[in-house]
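Me: I'm new to this structure. Please give me a close look at one part of it, and take your time.

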Amino acid sequence: MANHYFQFKQFTVQQEHCAMKVCTDACLFGAWVTTYLTKNITNNKSHAILDIGTGTGLLSLMISQQISATIDAIEIDPDAAKQATENVQAATFNPTIQVINTDVKKWQPEKKYSFIIANPPFFENDLISVNTKKNLALHSTALTLENLVACIDLNLTENGSFAILIPYHRKDYLITLALKNGFHLWNSLSVKQTTNHTFFRSCLIFGQAIKTPLMAEMTIQHNGVYTTDFQALLQPYYLAF
């Protein structure tokens with residue numbers, strides 16, 4: 001597989017113009033969220049979904065492959081937004097995705113969204129790269145978690161929910177931050193690379209209603225082979241499964 005694209009069953013993600021490349025954990029997150037949506041929303045285009053910081057358009061494409069909903073995919077970087085648009089247009093199905101090149105903090109849509117998804121900048125307070133585009137993709141220079149939760153609060157419907165992929169060590173901080181803004185944890189998936197590793201990612205879903213959260217764990221590989229749980233989750237997308 002060439003390093004400038006990622007081939008799925010129904011779409012190809014070109015990524016040569018994006019500082020944030022397609023990663024296994026992002027694919028897992030997209031599949032996990034889509035599974036949640038198929039079980040919890042009515043499958044029709046009246047549902048409006050917002051993807052904040054879409055990058056290559058990966059998450060929007062994964063959702064749109066399985067869910068009949070309209071998706072607005074926000075991306076601050078012009079080159080990444082152009083790349084995401086090309087990826088959407090090249091999909092073999094007919095995704096209802098609109099890529100919007102703008103800063104979500106300044107954006108004022110005419111509607112609110114029943115579901116919001118985000119794979120935000122990861123490395124807040126870590127070393128900053130000299131590459132400006134890489135900073136936007138990997139660090140919280142343009143969108144902190146506080147900014148993100150505020151944007152979600154502003155754009156989410158009253159009964160809506162949202163999902164965020166976060167480093168595992170920042171999970172508790174995000175849960176506390178969400179609670180301060182009136183959101184409660186509904187679902188949590190803690191992810192390990194292998195059985196010999198500690199958890200490194202958390203997939204989290206929040207909403208305004210108070211619920212007993214569903215807590216789960218997943219290991220991506222065991223002895224160099226994708227685990228059964230991982231394969232089952234990614235089967236609709238990966239060519240190899």
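Reply: Helix H5, residues 145–155, lies across three strands: S3 (48–52), S6 (113–118) and S7 (156–167). With S7, helix H5 makes an angle of about 155° (angles run from 0 to 180 degrees between N-to-C directions, with axes fitted to C-alpha atoms, for helices over the stretch in contact). Helix H6, residues 171–180, also packs on the sheet, where H6 touches S7, S8, S9 (199–207) and S10; contact here means heavy atoms within 4.5 Å. The direction of H6 makes about 15° with that of S9.

This is a predicted model, in which local features need pLDDT of at least 70, side-chain atom pairs count only at pLDDT 80 or more, and totals for chains, interfaces and linings use all residues. Residues are numbered from 1 along each chain as its sequence is written, and side-chain values use heavy atoms, leaving out hydrogens and water.

Now to the sheet itself. Its 9 strands form an open sheet with mixed pairing, and you can follow them in the order S5-S4-S3-S6-S7-S9-S8-S10-S11. Strands S5 (97–101) and S11 (225–226) stand at the edges with a single partner strand each, so one side of each has no neighbour in the sheet. Helices (H or I, at least four residues) and strands (E, at least two) are DSSP runs, numbered from the N terminus.

Let's finish at the S11 edge. Strand S10, residues 214–222, pairs with S11 in the antiparallel sense over 2 bridges (pairing needs at least two DSSP bridges between two strands). Look for Tyr226 in S11, the bridge partner of Gln221.
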